Amino acid sequence: MKPETLLVHAGAEPDPATAAVAPPIHLSTTFRHGPAGELEHGHEYIRESNPTQDRLEAALAAIEQGAAALAFGSGMAAASAVFQSLRAGSHVLLPRDVYHGTRAYAREFLGERSVTHAAVDGCDCDAIEAAWRDSTALVWLETPSNPLLEIADIAAVASFAHARGAIVAVDSTFASPALQNPLALGADIVMHSTTKYLGGHSDVMGGALVFRERGAWHERAALVRGLQGAVMAPFNAWLTLRGLRTLSCRIERHCRNALAVATFLASQPAVARVRYPGLASHPQHALARRQMRDFGGMLSFELAGGREAALRVASRVALFTNATSLGGVESLIEHRASVEGAHATSPPGLLRVSVGLEHPDDLVADLAQALA
Ligand code: PLP
């Protein structure tokens, strides 16, 4: 089945108890079992599983072409479950440009667990080879990356890592399952902050991991989730499932609008550089074209006037909201280095934009007046 159809139908069977077409929300924290703990319908306690979350996981596994999925309370809970699954003594490669929370997790917590890590250019297989160690167990990719929109070659990195006995996990949040399926390209785990495009309305937090195989990594991440209580609440699973149903329609508009905004920005003398994989000027445009179905709703741009000029534009926009996060219906803009705080790596003149579903003419007009 095509992704558009799966996004509507996966995990959407009518409720067997009532024939309701919209899925029920099961809030029960506990489930009746037999005298020796025999499960009646596969569930025992909400920290392990619940029927609403089951539906979301079934849908995500189908859409990402995986064997199993796990839903988490946030994207960071999902990402950190992978890192927590590593054995002491392992080595991890992370991309140089990566969500600042992922970088902070590695900086603050990997070392104390005797896991070493190095940051490499995720787009450069030679750099990955140079940083490789015998103990490298995991290559973490984020593509497109946040906030520089760099594109890593998932298939190339997966075949390199597999030949050396390591696995590859891909944070595919910026693309969403509508635009890119890393498992089909050879990755072992795909991670999403479902807070973004999957939820789609800036009103529900969550995260997910989808696994190519139901093996040791799935088992260990499920253990981490259950024992740390990093679970998704049933209402959040229900809202995320609802978001999924309209993802392909929303993403089409996000992509169309982002291309219009990126094209406009690229024509502006005040703008030194636009980073959007859909522009022919993007260094990995050809790879993005091969690996993604479209180029997404995220872009960033740098002002020729640096930090002060960027802050001026961010303070002048009227339709765009200055806010962090992404993937909702409304357009957001932020001065990324300010949001990243003390360990910021974003260029000082960079603004990151989540292009929403408004009319592109209105978005372009707002940016034009802010740049004037
Ligand atoms: N990965 C990426 C690429 C993100 O942009 C974010 C959040 O902005 C996360 C992971 C973390 O997700 P969450 O905020 O749901 O924990």
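This briefing covers the ligand site, the backbone geometry of selected loop residues, one helix residue and the cysteines. The model is predicted. In it, 16 residues surround the ligand, and the protein covers 93% of the 390 Å² of accessible area that the ligand has on its own. The structure holds zero disulfides.

**Ligand site**

- Among the 16 residues around the ligand, the closest are Gly75, Met76, Asp171, Ser193 and Thr195.
- A nitrogen atom of the ligand has a polar side-chain atom of Asp171 at 2.6 Å.
- Thr195 places a polar side-chain atom 2.7 Å from an oxygen atom of the ligand.
- For Asn146, an N or O atom of the side chain is 3.0 Å from an oxygen atom of the ligand.
- Protein cover takes up 93% of the ligand's own accessible area of 390 Å².
- Two or more residues of the shell come from each of the elements α3 (75-84) and β6 (189-193).
- Sorted by class, the shell has seven polar, six nonpolar and three charged residues.

**Loop between β4 and α6**

- Pro144 is found in the loop between β4 (136-142) and α6 (154-163), and the peptide bond leading to Pro144 from Thr143 is cis, with omega near -10°.
- Pro147 is also placed in the loop between β4 and α6; the bond from Asn146 to Pro147 is cis, with omega near 10°.
- Asn146, on the N-terminal side of that second cis bond, is the residue whose side chain has an N or O atom 3.0 Å from a ligand oxygen.
- Leu149, in the loop between β4 and α6, has a positive phi of about 55° although it is not a glycine.
- Leu149 counts as buried because its relative accessibility is 1%, under the 20% cut-off.

**Loop between β10 and β11**

- Ser325 lies in the loop between β10 (321-322) and β11 (332-335).
- The phi of Ser325 is near 75°, a positive value in a residue other than glycine.
- With 22% relative accessibility, Ser325 counts as partly exposed.

**Helix α2**

- Gln53 belongs to helix α2 (residues 51-63) and is buried, with a relative accessible area of 0%.
- Beyond its neighbours within four places in sequence, Gln53 is in contact with Glu48, Ala71, Arg225, Met232 and Ala237.

**Cysteines**

- The closest cysteine sulfur to that of Cys123 is in Cys125, at 9.4 Å, which is too far for a bond because a disulfide needs the sulfur atoms within 2.5 Å.
- Cys123 is partly exposed, with a relative accessible area of 27%.
- Cys125 is likewise partly exposed, with a relative accessible area of 27%.

Key
Residues numbered from 1 in each chain as written. Predicted model: local features only at pLDDT ≥ 70, side-chain atom pairs only at ≥ 80, totals over all residues. Heavy atoms only, no water. Helix = DSSP H or I, 4+ residues; strand = E, 2+ residues; numbered from the N terminus. Buried < 20%, exposed > 50% of the residue type's maximum accessible area, 1.4 Å probe, protein only. Contact = heavy atoms within 4.5 Å. Near = heavy atom within 4 Å. Polar contact = N/O pair within 3.5 Å; in protein donor to acceptor, adjacent residues only side chain to side chain. Areas by Shrake-Rupley, 256 points an atom, 1.4 Å probe, with all protein chains shown as cover. Nonpolar A, V, L, I, M, F, W, Y, C, P; charged D, E, K, R; others polar.
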